[in-house]
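Here's a walk through one protein chain, taking its sheets, the helices on them and a few single residues in turn. Have the structure open and follow along.

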Amino acid sequence: MATTIKRIEKEFVLKVLYDEQIPITYLRDRTEYILTLNQPAKTEMIFISDKPISKLKPRAKLELLFDYRGQVVNFSAEVASIKDGNIHCITPDVFYKNLDRSFSRVAAPPDFKIQFTFLGDRYNLSFPKVTEFETETAGEFFKNIDPRNISGVIDQMSSWIKQYACGHKMVIFKDNKPSTTEERIISETGKTLFLPSTLGYFPITDPYPRKRIITEEMFKRYLESTGVSNAFLHDACARFVKTKYDEGFFSEAWIPILFQEYVIGYIHVWINKEGIPPVDFRIIDTMYEFAKMLAHSLKMNGYFEKGRLANEPFSGKIIDISASGLAFISPPSLVSALLVDSELIVNIITQNRSINASAKIVRRIKDDSTVYFGCRFLDMAPEDLRFLFESIYGKKFTDADAMFLSGQV
């Protein structure tokens, strides 16, 4: 995963770039340019190129990379001016190492066009939507359960949870919209509301790599969005937890049921008898697996069929591209459906060839008016990869190039 170079290390890197005249690679219009620093970098980086860069103008952004102690470092620099053959750029705030993409990104050749198709079915449903989701495929816990038998899925889960909790309840947002605090916050976040003990407080951190838990900070931000003043957030959280205890709940969790980007309901489990161990992460893990199986079972039984959409190809505007992925802007009507982990079929159309590959969206970046999507190619035929590489970088694909441009060196 790409990591940010810290301030002290960044200052050292900038010094080494000048002192050792480390070559910096800039790729544009199928041409590779080698830049070096013309003087020590402070607030400004002044580059000289090994050959003239045609049509380069102020405010252009340069995607640059260099080999630093056997590790590829990437950064973006904005051109401030061009004087006497020197390229003056504002020194960027951020440098990245340990890149999570395999090749350097460049502006797409002007003749490149692109079309996407969703991999799998898409739906337009009347449930609350979130901007991140996990797939509904169930794990090992349910490998022997027939997903077509909804009653069997629910019965087995009920049997399992009775061993560890005093009670549980499942709600589907079919006729009733989220109305309670618990329902609204899990439907807005798609995460679990977890109180290990109502004599304690909300979790401070989330231990899951793919975040699943509503932390104290998230709950406060939710309360703030409902109009609670910042000065009263702590007291409001404390009152919420104390009310649970006063109602007889000692420990509980509200686990969302997710289908693609939709929160279709939740499972509430609780402890309200003394002497029984509290709800813990093992229970939450199993309930997540159950929620996935239930969503999968509902899909197989046609529960969402009325909301299924025709899977028509759509076009996008390429922002930049590499041999391992691309960034693009989609039509506004599809922005809400393009979420992190969504998978697509990508058709890259050039004058000489069309390339097809599957891809996964790995990031969404939103500015004031536009949402940008970055996706990583999941598979591409070797001959297509070679053609794409040579088309966008303007040189033969060699082992040496792959090692230098790889974010894993």
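Let's start at strand β12, which is joined by three bridges to strand β13 (residues 251-259), the two running antiparallel. Along that pairing, Leu 195 sits opposite Glu 252 of β13. Helix α6 (residues 281-300) packs on this sheet, where it touches β11, β12, β13 and β14. The direction of α6 makes about 30 degrees with that of β13. A word of caution before going further: this is a predicted model.

**The four-stranded sheet**

Zoom out a little and the sheet turns out to be an open one of four strands, paired antiparallel in the order β11-β14-β13-β12. At its edges stand β11 (167-172) and β12, and each has a single partner strand, so one side of each is left without a neighbour in the sheet. From one strand to the next, the twist averages 15 degrees.

There is another helix to look at here. Helix α3 (residues 181-189) lies across β12, β13 and β14 (262-271), and runs at about 130 degrees to β14.

**The seven-stranded sheet**

Now for the other open sheet. This one has seven strands in the order β16-β9-β19-β20-β21-β18-β17, again with antiparallel pairing. Its edges are β16 (314-315) and β17 (317-322); since each has a single partner strand, one side of each is left without a neighbour in the sheet.

How many bridges hold β9 to the edge strand β16? Two bridges join β9 (residues 113-118) to β16, and the strands run antiparallel. Further along the order, β18 (residues 325-329) pairs with β21 over five bridges, in the antiparallel sense. β20 and β21 pair over eight bridges, antiparallel as well.

Here is one bridge partnership from each of these pairings, if you'd like to click through them:

| Residue | Bridge partner | Strand of the partner |
|---|---|---|
| Gln 115 | Ser 315 | β16 |
| Phe 328 | Phe 373 | β21 |
| Ile 365 | Tyr 372 | β21 |

This sheet has a helix on it too. Helix α7 (residues 382-393) lies across β17, β19 (343-349), β20 (354-366) and β21 (371-379). The helix runs at about 105 degrees to β17.

**A few residues up close**

Take Thr 36, which is found in strand β3 (residues 31-37). Is Thr 36 buried or exposed? With a relative accessible area of 17%, Thr 36 falls under the 20% cut-off, so it counts as buried. Setting aside residues up to four places away in sequence, Thr 36 touches Gln 21, Ile 22 and Pro 23, along with Ile 46, Phe 47 and Ile 48.

Asp 206 is a loop residue, found between β12 (193-195) and α4. Its relative accessible area is 11%, so Asp 206 is buried. Neighbours within four places in sequence aside, Asp 206 is in contact with Lys 211, Arg 212, Ile 213 and Thr 215. For a sense of scale, try drawing a line from Asp 206 to Leu 388: they are 182 residues apart in sequence and 40 Å apart in space, C-alpha to C-alpha.

Then there's Glu 217, placed in helix α4 (residues 216-225). Glu 217 is partly exposed, with a relative accessible area of 44%. Its C-alpha atom is separated by 9.9 Å from that of His 234, which is 17 residues away along the chain.

**The chain as a whole**

Stepping right back, the protein chain has eight helices and 21 strands. Its C-alpha trace spans about 80 × 50 × 35 Å along the principal axes. Of its 409 residues, 47% count as buried. Taking contacts between residues at least 6 apart in sequence, 64% join residues at least 24 apart.

What about the surface and the charges? The accessible surface comes to about 21000 Å², and 51% of that belongs to carbon and sulfur atoms. The chain carries 52 positive and 52 negative charges, and the mean positions of the two sets are 2 Å apart.

Definitions and conventions:
Residues are numbered from 1 along each chain as its sequence is written. This is a predicted model: local features need pLDDT of at least 70, side-chain atom pairs count only at pLDDT 80 or more; totals for chains, interfaces and linings use all residues. Side-chain values use heavy atoms; hydrogens and water are left out. Two strands pair if DSSP finds at least two bridges between them. Contact means heavy atoms within 4.5 Å. Axes are lines fitted to C-alpha atoms, for helices over the stretch in contact, and angles run from 0 to 180 degrees between N-to-C directions. Buried means under 20% relative accessible area, exposed over 50%, partly exposed in between (1.4 Å probe, protein chains only). Accessible areas come from the Shrake-Rupley method with a 1.4 Å probe; for residues, only the protein chains shown count as cover. Lys and Arg count as positive and Asp and Glu as negative; His and the chain ends are not counted. The place of a charge is taken as NZ of Lys, CZ of Arg, CG of Asp or CD of Glu.
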